[in-house]
Amino acid sequence: MPMKPIESKVCRMMLTSRMVLGKDHQSKACEGELEKYMDHCPEWLHARDDTTNNWMDLDSKATETIALVRAVGVKYFLIPDDPMMVKRSEEVEKVVFSIMNTMVYLINKICFAPNNPEKQFDPVYAKSRFAKKFVNFAKKLEPLLEGPFIMGDTLPIHADYLLYACLYDLKNFLPEPFEANEYPKINDFMDKFYNYRSPIRRWFASEDSKEGEYIRPPVPHIMAMLDEIQAANTNIQAANH
């Protein structure tokens with residue numbers, strides 16, 4: 001079942017930045033058009049048909065989050081008008097989608113087996129495997145940051161919120177390259193976004209901003225969905241025979 005907009009920490013951050021404050025107001029804002037956020041799923045993310053999905057997006061959170069961020073962006077005028085900036089923001093989405101799915105697949109499939117109690121999660125091993133992937137991600141991302149934000153020294157756009165959420169979760173999983181400032185443009189982006197003078201400061205001052213991940217946790221979390229995934233795969237196989 002797709003997540004509800006109000007369940008998304010990224011969505012709540014974006015709403016706070018647009019002065020939609022408090023649980024009641026945010027819940028109300030998440031009704032109506034935002035409930036249909038998958039209508040804003042970009043063409044490049046569409047599944048090939050009703051029985052196929054992006055296979056590394058194990059919990060569909062990356063796909064849903066990108067669509068939801070776009071929907072909030074449309075509603076609150078956070079989508080850029082410049083075609084070149086639209087193209088750049090889509091490139092950021094693609095880079096984010098790839099690295100977040102690499103992380104979740106590595107944590108939940110390669111370094112852990114929810115149906116095999118003998119294979120326990122080893123965070124040190126998982127981080128060592130992921131570190132090489134992060135290098136490739138950073139090299140692709142840095143040229144897309146005009147500085148400090150995607151569009152330059154201007155207002156953050158929808159994709160800036162998505163990127164901050166992604167980097168926050170990545171830092172929780174692999175803090176070393178951030179702490180060593182191996183990629184200054186990425187660290188500068190995070191610092192400028194966190195300290196931006198807009199109402200988003202209200203978000204970072206809230207307890208909600210300090211609790212949990214934005215998109216995915218740095219530990220296995222697929223266990224609760226295992227039965228659901230297996231049942232869905234069984235139904236797909238049965239439909240194909």
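Two rings of Phe, Tyr or Trp (taking the six-membered ring of Trp) make a pair if their centres lie within 6.5 Å. By that yardstick, a search of the whole structure, which is a predicted model, turns up 18 aromatic pairs. One of them is Tyr164 with Phe193: the ring centres are 4.9 Å apart and the planes meet at 20 degrees, so this pair counts as stacked. Since Tyr164 belongs to helix H6 and Phe193 to helix H8, the pair ties together parts that sit 29 residues apart in sequence. Both partners are tucked away, as Tyr164 is buried at 5% relative accessibility and Phe193 is buried at 0%.

Tyr194 and Phe204 make another pair, this one tilted, with 4.6 Å from centre to centre and 40 degrees between the planes. Here helix H8, which holds Tyr194, is linked to helix H9, which holds Phe204, across ten residues. Tyr194 is partly exposed at 41% relative accessibility, whereas Phe204 is buried at 8%.

Ring pairs also join up into a cluster, whose members include Tyr161, Tyr164, Phe189, Phe193, Tyr194, Phe204 and Tyr214. Tyr214 has a charged visitor as well: the charged end of Lys9 sits over its ring, 4.4 Å from the centre.

Back to helix H8, which runs over residues 184-194: its buried residues are Ile186, Asn187, Phe189, Met190 and Phe193. These residues span an arc of only 155 degrees around the axis, which puts them on the same side of H8. Their cover includes helices H1 (9-17), H5 (123-141), H6 (158-173), H7 (176-179) and H9 (200-204).

Notes. Residues are numbered from 1 along each chain as its sequence is written. This is a predicted model: local features need pLDDT of at least 70, side-chain atom pairs count only at pLDDT 80 or more; totals for chains, interfaces and linings use all residues. Side-chain values use heavy atoms; hydrogens and water are left out. Buried means under 20% relative accessible area, exposed over 50%, partly exposed in between (1.4 Å probe, protein chains only). Helices (H or I, at least four residues) and strands (E, at least two) are DSSP runs, numbered from the N terminus. The arc is that of the directions from the helix axis to the C-beta atoms. Contact means heavy atoms within 4.5 Å. Rings of Phe, Tyr and Trp (its six-membered ring) pair if their centres lie within 6.5 Å; planes under 30 degrees apart count as stacked, over 60 as edge-to-face and the rest as tilted. A charge sits over a ring if NZ of Lys or CZ of Arg is within 6 Å of the ring centre and within 35 degrees of the ring normal.
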